[in-house]
Amino acid sequence: MSDLRRLPSIERLLQTEQASRLVTEFGRPLTLDAVRTVLAEARQDMQTGAEVPEPDEIFTRINNWLYATTQTTLLPVINATGVILHTNLGRAPLSADASLAMQRVATGYSSLEYNLENGQRGSREVHAEALLARLTGAEAALVVNNNAAAVLLALSTLAKRRAVVISRTQLVEIGGGFRVPEVMKQSGARLVEVGTTNRVHLSDYTAAIAETSPALVLHAHSSNFKIIGFTSEPPLVEVSEAAHQHGVLFLDDLGSGALLDTAHYGLSHEPTVQESLAAGADLVCFSGDKLLGGPQAGIIIGRKALIQKLKKHPLARAVRADKLCLAALSETLLHYLKNEAVEKIPVWQMISQTNDQIRQRAQHWQTVLGAGRLVDGLSTVGGGSLPEETLPTTLLVVDLPKPNQVMARLRSSNPPVIACIVADRVAFDPRTVLPAQEETLLRQIKTLIQSHT
Ligand SMILES: *Cc1c(COP(=O)(O)O)cnc(C)c1O
């Protein structure tokens, strides 16, 4: 027991030069916490027979504790999976302009709710609205925190304690707990299901509309799955007309919010925002960070009188978009307006890269590394868009044993690298690796290979 007294006291440790360096870097309260924790652990270890730790060893432990405690967990990573809108990796990377716009409003004051013309209070709602209206031809627009919030707000405002007609083919779960039937329930709307799991006919809609006098007909895009085989759904325009003939609103939850045609890039056609409006949707909801390629946001566009109602609902305040989102979103929308979306927005750069271009990148990687094999592969869009759809790509495969351990090492590198496993080997898809990250990635792979030889 007398050994315990040979442990330095908290006071003595804090008086050392090493401690004062730590206090400068981490602050006094946290350093004190570290010292207490490490001493308490040492005392406990000694009671079960451990030696008195040397002063240097004590400081190493204090140092490690401080670094571990102040390590943030939201880290930039390199996405070499080939999944473009990887929901777990933060969906859409922003364009350089969007990220700059965000930084500009983040580090200073902004005209968020200030009218610069008359010097009076303004509205945060104006910033993206005009751009959205111009781009889509919609009368009005509203931006909220995400698309789940957009749908919830629309249903709460327009369909509370009223019936909402939706097809059974669309009672989908998007992932992350967004289930159309549950969102309906939360909003206070009453679900009226029509059709069957695989087929719904226009007559199913018209019968339900006539029978239940619903507040609206909801169409939800089955973003993340495909029904194949004996299936049928009436064209959007016919559903919308059936609703309007009975004076019922038609709301389209589009999910992905493509403004450009994915069919130009060898994918199947993802319904666009413009098409929803053309089909007669009174309101269209979509995400900001899926195929739009912007920040996390929920965008609602459509008829002015309805958007006006949504803006006044108490929920609108609870789900409003923040200034950083509005700055990045406006800048992203500008890329579309200036017809430079494919060149400037990372998601569209990745989608539009040809396999030839990717093969050249992979070949360059192989040359730099002096290792690896090129293998044909498939990238995907991900993020609940275009399920089952793939883009041909060229993977760089490294022939190292125990791919799971290799993946774990890559994840623990700085920055972490997320690769994929193809035929029991670790593979890297250049499509989703941002050009600015390429050098770092190659350095990581080189270190990895060297440590195995
Ligand atoms: C992705 C998606 C949502 C949820 O959007 P978030 O922006 O992730 O909240 C809702 N509806 C559909 C059809 C979707 O595809």
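Which residues surround the ligand? In this predicted model, the ligand is enclosed by Arg91, Asn146, Asn147, Ala148, Ile174, Phe178, His221, Ser223, Asp253, Gly255, Ser287 and Lys290. Sorted by class, this shell comprises three nonpolar, six polar and three charged residues. Two elements of secondary structure, helix H7 (147-159) and strand E11 (249-255), each contribute at least two residues to the shell.

Several side chains of the shell place polar atoms at short listed distances from the ligand's own heteroatoms. Aspartate 253 has a polar side-chain atom 2.7 Å from a nitrogen atom of the ligand. Serine 287 likewise has a polar side-chain atom 2.7 Å from the ligand, although here the partner is an oxygen atom. Lysine 290 also faces an oxygen atom of the ligand, with an N or O atom of its side chain at 2.8 Å. Considered alone, the ligand exposes 380 Å², and the protein buries 93% of that area.

Histidine 221 belongs to the ligand shell and deserves separate attention. This residue is located in the loop between strand E10 (216-220) and helix H10 (236-245). Is histidine 221 buried or exposed? With a relative accessible area of 15%, histidine 221 falls under the 20% limit and is therefore classed as buried. Its side chain also makes a polar contact within the protein: the partner is the side chain of glutamate 270, at 3.2 Å.

Strand E11, already met as a contributor to the ligand shell, also contains leucine 254. Leucine 254 has a relative accessible area of 3%, so it counts as buried. Between the C-alpha atoms of leucine 254 and arginine 124 there are 24 Å in space, and the two residues are 130 positions apart in sequence. Beyond E11, the loop that leads to helix H11 (273-278) holds threonine 262. At 0% relative accessibility, threonine 262 is buried. What lies 2.7 Å from a polar atom of the side chain of threonine 262? The partner is the backbone oxygen of serine 268.

The discussion now turns to aromatic rings. The structure contains two aromatic pairs. In one of them, the ring centres of phenylalanine 26 and tyrosine 67 are 5.3 Å apart and the ring planes meet at 90°; because this angle is over 60 degrees, the arrangement is edge-to-face. Phenylalanine 26 is part of helix H2 (residues 17-26), whereas tyrosine 67 is part of helix H4 (residues 55-69), so the pair ties together parts that are 41 residues apart in sequence. The two partners fall into separate accessibility classes. Phenylalanine 26, at 14% relative accessibility, is buried, while tyrosine 67, at 42%, is partly exposed. Another ring takes part in an interaction with a charge: the charged end of arginine 199 sits over the ring of phenylalanine 230, at 3.8 Å from the ring centre.

Some residues are notable for their backbone geometry. Asparagine 339 has phi near 60°, a positive value in a residue other than glycine. Where is asparagine 339 found? Its place is the loop between helix H14 (323-337) and helix H15 (341-344). The relative accessible area of asparagine 339 is 68%, which means that the residue is exposed. Serine 167, by contrast, is buried, with a relative accessible area of 0%, and lies in strand E6 (residues 163-167). The C-alpha atoms of serine 167 and asparagine 339 are separated by 36 Å, and the residues are 172 positions apart along the chain.

Aspartate 424 also has a positive phi, of about 65°, although it is not a glycine. This residue is in the loop between strand E17 (420-422) and strand E18 (425-428). A further backbone feature is the peptide bond from asparagine 414 to proline 415, which is cis with omega near -5°. Proline 415 lies in the loop between helix H18 (403-411) and strand E16 (417-418).

Notes:
Residues are numbered from 1 along each chain as its sequence is written. This is a predicted model: local features need pLDDT of at least 70, side-chain atom pairs count only at pLDDT 80 or more; totals for chains, interfaces and linings use all residues. Side-chain values use heavy atoms; hydrogens and water are left out. Rings of Phe, Tyr and Trp (its six-membered ring) pair if their centres lie within 6.5 Å; planes under 30 degrees apart count as stacked, over 60 as edge-to-face and the rest as tilted. Helices (H or I, at least four residues) and strands (E, at least two) are DSSP runs, numbered from the N terminus. Buried means under 20% relative accessible area, exposed over 50%, partly exposed in between (1.4 Å probe, protein chains only). A charge sits over a ring if NZ of Lys or CZ of Arg is within 6 Å of the ring centre and within 35 degrees of the ring normal. A residue is near a molecule or strand if one of its heavy atoms lies within 4 Å of it. A polar contact is a pair of N or O atoms within 3.5 Å; within protein, one must be able to donate a hydrogen and the other to accept it, and residues adjacent in sequence count only if both atoms are side-chain atoms. Accessible areas come from the Shrake-Rupley method with a 1.4 Å probe; for residues, only the protein chains shown count as cover. Ala, Val, Leu, Ile, Met, Phe, Trp, Tyr, Cys and Pro count as nonpolar, Asp, Glu, Lys and Arg as charged, and the others, Gly among them, as polar.
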